[in-house]
Structures are given as C-alpha cells and as structure tokens.
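Trainee: I would like to go through this model with you, beginning with the ligand and then turning to the protein itself. Could we take it one question at a time?

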Amino acid sequence: MEDEFINAMERATKRATEYRKTSAARPPRPTASLEELRAAFDLPLPQDPRRGTEIIDHLADAAEPGLIGITSPHHFGWVMGGSHPVGAAADFLTVAWGQNAGIYATSPAAAVAEEVSARWLLELLDLPKESSIGFVTGATMASFICLAAARTHILCEAGWDLEQEGLTGAPAVSVFLAAEAHATIHAGLRYLGFGDRQKVSINVDGEGRMCAEDLAQKLAAHKGPKIIICQAGHINSGAFDPIPEIVKLARQFDAWLHVDGAFGLWARSVPELEHLCEGAEGADSWSVDGHKWLQVPYDSGFAIVKNREAHVRAMDISASYIKPSASDGVIPSQYVPELSRRARGFAVWATIQALGRSGIEEMVARHCRCAAHLAEVLAKEPDIEVLNEVVINQVAIGFGTGLPVAEQDALTNAVIAEVQRENTSFVGGATWKGRAILRVSVISRETDIAHMDQLAASILRAWEKVKAG
Ligand SMILES: Cc1ncc(COP(=O)(O)O)c(C=O)c1O
C-alpha cells in the first residue's frame with residue numbers, strides 16, 4: 001500500500017513538474033479535439049485494478065493535450081489566476097494528507113490554517129477584523145453565502161425568523177443591483193429564492209458602474225428589507241462602482257450592502273490602486289476569489305461577512321455526532337454550505353506566504369501596468385478601439401472603428417478566432433454594450449510587459465490577416 005502511494009505520487013510529481021517547467025512554452029489553447037480527448041479517456045469500465053504509475057501516466061498523456069494554459073503568462077482568457085507553484089505544492093500535500101475540513105475535530109490543522117489565513121486576508125484587504133470568512137469554491141459560492149447571511153439578517157431585523165418560518169409569507173425583500181451585475185450574482189439570488197420580481201435594476205454608466213443617483217431614487221421608492229449588491233471590478237471593463245456613495249446610501253436606508261469583488265477587491269492591497277475601492281470596508285459582506293488575483297490553485301474563494309452571528313446563523317450545520325467541544329478552534333463548516341470538504345486553507349496559507357504582502361502588491365500593480373501598456377499600443381492603431389477606461393487589469397477591444405455594428409462584430413470575432421488559431425497567446429470574447437469585444441484579462445502571476453508585446457503582436461498579425469480577407 002505504501003509503495004503504491006510512493007510510486008504513484010512520485011510519478012505524479014514528475015509529470016506535474018515536467019508540465020509546469022514547459023507550460024510557458026506550450027500553446028495556451030488545447031491542441032486536442034473533443035474526439036481525440038474522448039478517445040484518450042474513454043476506456044471500457046475497468047473490471048480489475050491497474051498499476052498506479054501506469055494510470056498516472058495514462059491520465060497525464062490523455063489530459064495534457066486538452067489542458068488550457070492557465071498557468072502560462074500568455075493566458076489572458078476569462079479572469080483566471082496562474083495557480084502559484086507553492087500553492088500547487090501545498091495542494092499536493094493537502095491531497096496526500098486526505099483531510100476533511102468539515103469541523104475542527106476532523107482536521108485541527110486544517111481549521112487553524114483557515115483561521116490564520118482568514119486573519120491575513122482581512123489584513124491584506126483591510127476589512128473589519130471581526131469579520132468571519134468561509135473558504136469556498138470561488139466567488140459564485142462566496143456571494144451566495146454572503147447573500148444568505150444578508151437574507152437571514154435583514155429578515156430577522158424585520159421581525160421574521162427565517163429558520164423557524166421559512167420563506168413563505170416572509171416580508172418582501174428588495175434586492176438592488178446594477179444592470180451589469182455579474183451573472184453569478186443572479187445565480188446566487190436564484191438559489192436563495194429571489195426571482196426577477198424582487199430585483200431592482202440600477203442604471204449603469206458607460207463603464208458598467210452603478211449610478212448612485214438612480215440607486216438613491218429607487219431605494220427611496222421601496223419599503224421593507226433591502227439588500228444592495230455592488231461591484232468592485234466589472235468583468236469587462238474592470239470598473240468599480242462608486243462605493244463610498246453606495247455605503248452612505250446603504251446606511252441611510254438601513255440596507256445590507258454586499259460587494260462582489262471577485263478580482264477587483266485586490267486593488268485594496270496596492271497603495272496606488274486603493275482609491276478605486278476605498279470605502280468598501282463600510283460594507284456588510286464581500287466576496288473575493290483566491291484563485292484569481294491571489295493565484296491560489298483552483299478552487300478557492302472567500303465569503304467574508306462582518307456580522308459573524310448572521311454568517312453562522314445562515315450556514316451552521318448541527319448534529320450530535322459533530323458537536324464541537326469547548327477546546328475546539330474555529331469550526332469551518334459554520335461558514336460554508338458544506339460539511340465534508342477539502343482542506344482549502346493549506347494552499348491559501350502557503351500562497352500568501354509565498355507572495356507576501358509585497359509580492360501581492362507588486363504583482364497586482366504589474367498586471368495593471370501591463371493592461372495599460374497593451375491599451376496604449378493598440379489604441380495607436382487605426383480602426384482598433386480600446387472600449388473601456390483601463391483602470392485595472394481588464395482591456396476590452398473592438399475592431400473596425402466607424403463601421404456598422406454588425407460589421408465591427410464580425411471583424412472582432414474574426415480577430416479573436418485568428419489569435420486563438422495562431423495559439424501563441426490566448427484571448428476570449430464577450431458582448432458588451434451591444435457589441436462584440438476581444439477581452440484581455442491580465443491576471444496570470446508571471447505576466448509582464450514582454451508578454452503583452454507578444455500578445456499585441458499576435459493581435460496585430462490577426463488584424464492584418466482579417467483585413468486582407
Ligand atoms: C465580478 C465577478 N464576480 C463573480 C465571478 C465568479 O467567480 P468564480 O468563477 O470564481 O465563481 C467572477 C468571475 O470572473 C467575476 O468576475
């Protein structure tokens with residue numbers, strides 16, 4: 001048994017290190033087709049056991065051509081961190097230890113790693129020290145938890161005991177959110193029993209920022225319990241809502257304020273960017289990812305709630321066989337919707353140590369400089385438009401200035417397809433403000449100015465090809 005572990009682990013480590021050593025030089029997009037991947041994985045259900053080292057080799061051979069180069073500095077798709085090597089190594093250990101971070105008793109070390117990491121996160125993000133943190137899969141689940149705490153609390157304030165009474169017949173809650181709130185916010189609200197009828201859509205400006213004046217008017221027009229959801233870091237523009245004004249309105253109207261800061265909240269860890277997200281400490285809850293700008297390997301997100309009691313009330317799982325004892329430390333399951341789960345805190349603890357405060361500051365600032373550099377290079381080109389104010393790491397680009405929108409969209413989509421076909425850098429697309437955009441997110445740990453120049457060259461080559469028909 002021990003030999004089986006040693007052999008399989010050594011082989012996995014060998015394959016992992018070979019992969020990471022070459023990841024910057026690999027094409028960032030998968031090279032295998034769906035059919036090829038199916039052929040590589042789709043064996044008949046095994047009747048008998050197979051040797052571990054053989055399985056690991058088969059797995060690596062089958063998977064590698066179908067992997068996307070998230071760990072490569074040439075990856076600019078979606079908004080995805082580069083999985084820090086030390087975090088990845090800590091995750092290897094986590095898996096080897098086989099811990100269950102459900103309660104303190106099932107893994108005291110996992111609970112303490114989360115306790116200490118939570119303190120560091122609050123320091124890094126400069127959020128209220130009394131806040132509690134749930135270590136979850138990502139920002140989607142983090143917002144869900146924060147909004148569950150919000151629902152519990154505001155209904156309680158309105159004299160409604162949610163745990164006792166359930167949602168049926170509860171006071172009507174109004175949820176105020178920007179017209180361009182992230183899709184996962186709508187998903188979280190749906191999981192919590194809030195439909196479109198409970199949502200109040202707030203107008204946005206050209207960067208997707210919530211309009212505080214519109215929010216004020218709509219808050220004044222609604223009675224009853226209220227939740228406001230604002231955003232630090234718009235998925236396309238990177239823009240920040242006017243948080244200080246929104247905080248004031250939340251206090252004036254006695255609303256719970258949640259900040260979706262999946263990646264943008266990290267601006268608070270960089271002195272020259274702090275102003276973008278100032279005032280966010282005045283909110284009630286925050287969702288932020290570990291697996292984006294902090295570079296913790298997937299899956300890692302943080303549900304941060306100032307009111308610990310509301311957080312625990314919304315998430316607690318109690319049963320006699322998992323009852324904590326008086327000497328236990330934090331109980332991780334009190335802050336997340338899961339009982340048994342992976343010990344997510346070890347990789348967070350290791351990644352924060354590997355980067356340190358200065359490493360995070362340097363990396364986030366560098367990524368923002370990289371985005372500004374790309375925007376500057378491309379904006380000089382005729383018929384290419386940078387469609388957002390580049391305030392952090394996101395750049396939205398359109399092609400065919402002045403042409404009818406349908407033609408611009410066709411050109412932009414053709415450029416994206418050509419950059420992907422060339423496969424030296426990876427970018428994706430989206431629709432924003434009614435038009436197709438090429439989206440660049442600079443968020444992979446090692447990305448520097450030279451990688452941006454290579455990306456710009458790839459985009460310009462693609463553009464020349466598209467123009468030439
Ligand atoms: C603003 C915002 N909120 C939420 C999410 C969802 O995050 P995750 O995919 O980590 O759940 C994202 C993802 O990009 C995002 O940009």
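Mentor: Let us start from the backbone, bearing in mind that this is a predicted model. A backbone N or O atom of A139 lies 3.2 Å from an oxygen atom of the ligand.

Trainee: Which distance separates an oxygen atom of the ligand from an N or O atom in the side chain of T140?

Mentor: T140 is among the residues that come nearest to the ligand, as are D260, D289, H291 and K292. For D289, a polar side-chain atom lies 2.7 Å from an oxygen atom of the ligand. For T140, the distance from a side-chain N or O atom to a ligand oxygen is 2.5 Å.

Trainee: How much of the accessible area that the ligand has on its own does the protein cover?

Mentor: The shell around the ligand has four nonpolar, seven polar and three charged residues, and the space that the ligand takes is the second largest pocket. On its own the ligand has 390 Å² of accessible area, of which the protein covers 85%.

Trainee: The structure holds 30 salt bridges; how many residues apart in sequence are the parts that the pair of R313 and E163 ties together?

Mentor: Side chains of opposite charge can pair when their charged atoms come close. The side chains of R313 and E163 meet in such a salt bridge, with 2.6 Å from N to O. Because R313 lies in helix α11 (residues 308-315) and E163 in helix α7 (residues 162-165), the pair ties together parts whose separation in sequence is 150 residues.

Trainee: Which residue has a positive phi although it is not a glycine?

Mentor: Most residues other than glycine have a negative phi, and most peptide bonds are trans. A cis peptide bond, with omega about -5°, joins Y298 and D299, and D299 lies in the loop between β6 (285-289) and β7 (301-305). In the loop between α3 (52-63) and α4 (85-97) lies S83. The non-glycine residue with a positive phi, about 60°, is S83.

Technical notes
Residues are numbered from 1 along each chain as its sequence is written. This is a predicted model: local features need pLDDT of at least 70, side-chain atom pairs count only at pLDDT 80 or more; totals for chains, interfaces and linings use all residues. Side-chain values use heavy atoms; hydrogens and water are left out. A residue is near a molecule or strand if one of its heavy atoms lies within 4 Å of it. A polar contact is a pair of N or O atoms within 3.5 Å; within protein, one must be able to donate a hydrogen and the other to accept it, and residues adjacent in sequence count only if both atoms are side-chain atoms. Accessible areas come from the Shrake-Rupley method with a 1.4 Å probe; for residues, only the protein chains shown count as cover. On a 1 Å grid over the protein atoms alone, a cavity is a set of points where a 1.4 Å probe fits but cannot get out, and a pocket is an open set with protein on both sides within 12 Å along at least five of seven lines; lining residues have an atom within 4 Å of a point. A molecule sits in a cavity or pocket if more than half of its atoms lie within 2 Å of its grid points. Ala, Val, Leu, Ile, Met, Phe, Trp, Tyr, Cys and Pro count as nonpolar, Asp, Glu, Lys and Arg as charged, and the others, Gly among them, as polar. A salt bridge is a side-chain nitrogen of Lys or Arg within 4 Å of a carboxyl oxygen of Asp or Glu. Helices (H or I, at least four residues) and strands (E, at least two) are DSSP runs, numbered from the N terminus.
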